Amino acid sequence: MSDLRSKVQKPKKNRIKNAFIILILILLYVWGFAGINFSGISPNAGTVTSAILDGFLNPEWDYIYRPGQEDLIQNLLETFAIALVGITLSIVLSFPIAFWAARNLSVKRIISGSGKSFLSFFRTFPDIVMALIFIAIVGPSPYAGMLALGVSAMGMLGKLYAEEIEAIDPGPSEALVAAGANKLQVLLFAVVPQVLPGFISATLYRFEINLRSAATLGIVGAGGIGAPLIFAINGRSWDRVAIILIGLVVFVLVIDLISSALRKKVI
């Protein structure tokens with residue numbers, strides 16, 4: 001009898017709990033929308049929208065390739081270079097830190113915890129904030145963008161690497177230790193072969209994110225296609241804005257397809 005009563009009361013408690021959660025969410029949305037200061041649509045909205053649509057219907061195709069001048073291809077290649085060198089720097093920085101942060105390779109929890117805290121610290125910085133910091137250090141340039149992406153991605157990439165290391169099968173390591181292998185041999189022949197596919201997959205995934213981030217860092221002067229994009233927007237050159245966005249979308253889609261194909265082969 002008591003079991004039957006508890007079964008009847010349990011759905012009632014779940015309904016009350018779900019209703020409470022829904023009420024909290026509704027209140028949060030109401031609070032969020034109430035804070036929006038909506039002053040109406042601008043009187044020039046129609047004119048500006050018409051100009052934007054006209055620019056997107058008639059992109060500046062000549063901007064794609066202009067020998068001896070700034071063009072779309074040059075800016076896209078610079079963006080790609082920033083993302084590529086940035087991810088390379090991230091790999092160099094993340095690889096040793098990941099082994100430091102991996103719980104199963106540390107004798108004491110405080111050692112791996114300090115490594116995870118170190119990685120978490122760098123994950124708190126958005127890419128654009130990191131770019132502003134490096135612009136102040138080395139000046140506005142693609143070099144600042146590369147450093148920003150390299151250090152910023154280290155936090156995320158190191159975390160993914162550490163998770164791969166924590167998920168390894170301890171069997172090969174134990175077999176090598178039983179055979180008399182030292183720590184370096186265990187690392188090279190038991191740990192690295194297991195984590196390498198996951199490392200490559202995580203690196204390719206982060207490279208896709210780096211490519212998108214590199215496209216926006218130019219807005220603050222860290223190189224890439226973001227600078228000509230913001231100049232075109234400020235100058236109301238919507239035909240150039242259109243061709244830059246079209247080129248960026250096509251470029252990112254191609255890189256995503258290549259990266260996805262590589263990840264499937266690795267995994």
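This is a short dialogue on reading a predicted model.

User: Which residues does UniProt list for "transmembrane region"?

Analyst: An unreviewed UniProt entry lists residues 20-41, 80-102, 128-151, 186-207, 214-235 and 241-262. Annotations of this kind may be inferred rather than shown by experiment.

User: How much helix is there in residues 80-102 and how far apart are the end C-alpha atoms?

Analyst: Compare the annotated span with the coordinates. Residues 80-102 are 96% helix and 0% strand, with end C-alpha atoms 31 Å apart. For residues 186-207, the figures are 100% helix, 0% strand and 29 Å.

User: Which residues form a nonpolar patch on the surface?

Analyst: The patch includes Phe20, Ile21, Leu23, Trp31, Phe33 and Ile36. Together, the patch residues have about 1,200 Å² of accessible area.

User: Where is isoleucine 36 found?

Analyst: Isoleucine 36 sits in the loop between α1 (2-34) and α2 (45-57).

User: Why does isoleucine 36 count as exposed?

Analyst: Exposed means over 50% relative accessible area. Isoleucine 36 counts as exposed because its relative accessibility is 52%.

User: Now the interior. How many residues has the largest nonpolar core, and which have the most contacts inside it?

Analyst: A nonpolar core joins buried residues through side-chain atoms. The largest one here has 50 residues, and Leu72, Phe134, Ile165, Ile225 and Ile244 have the most contacts inside it. Helices α3, α4, α5, α6, α8, α9 and α10 each supply at least two residues of this core. The largest share, eleven residues, comes from α6.

User: What does leucine 72 touch?

Analyst: Leave out residues up to four places away in sequence. Leucine 72 then touches Tyr63, Ile64, Ile225, Ile243, Ile244 and Gly247.

Notes. Residues numbered from 1 in each chain as written. Predicted model: local features only at pLDDT ≥ 70, side-chain atom pairs only at ≥ 80, totals over all residues. Heavy atoms only, no water. Helix = DSSP H or I, 4+ residues; strand = E, 2+ residues; numbered from the N terminus. Patch = residues over 30% accessible without salt bridge, like charges linked within 9 Å, V, L, I, M, F, W, Y side chains within 5 Å. Areas by Shrake-Rupley, 256 points an atom, 1.4 Å probe, with all protein chains shown as cover. Salt bridge = Lys/Arg side-chain N within 4 Å of Asp/Glu carboxyl O. Buried < 20%, exposed > 50% of the residue type's maximum accessible area, 1.4 Å probe, protein only. Core = buried A, V, L, I, M, F, W, Y, C linked by side-chain atoms within 4.5 Å. Contact = heavy atoms within 4.5 Å.
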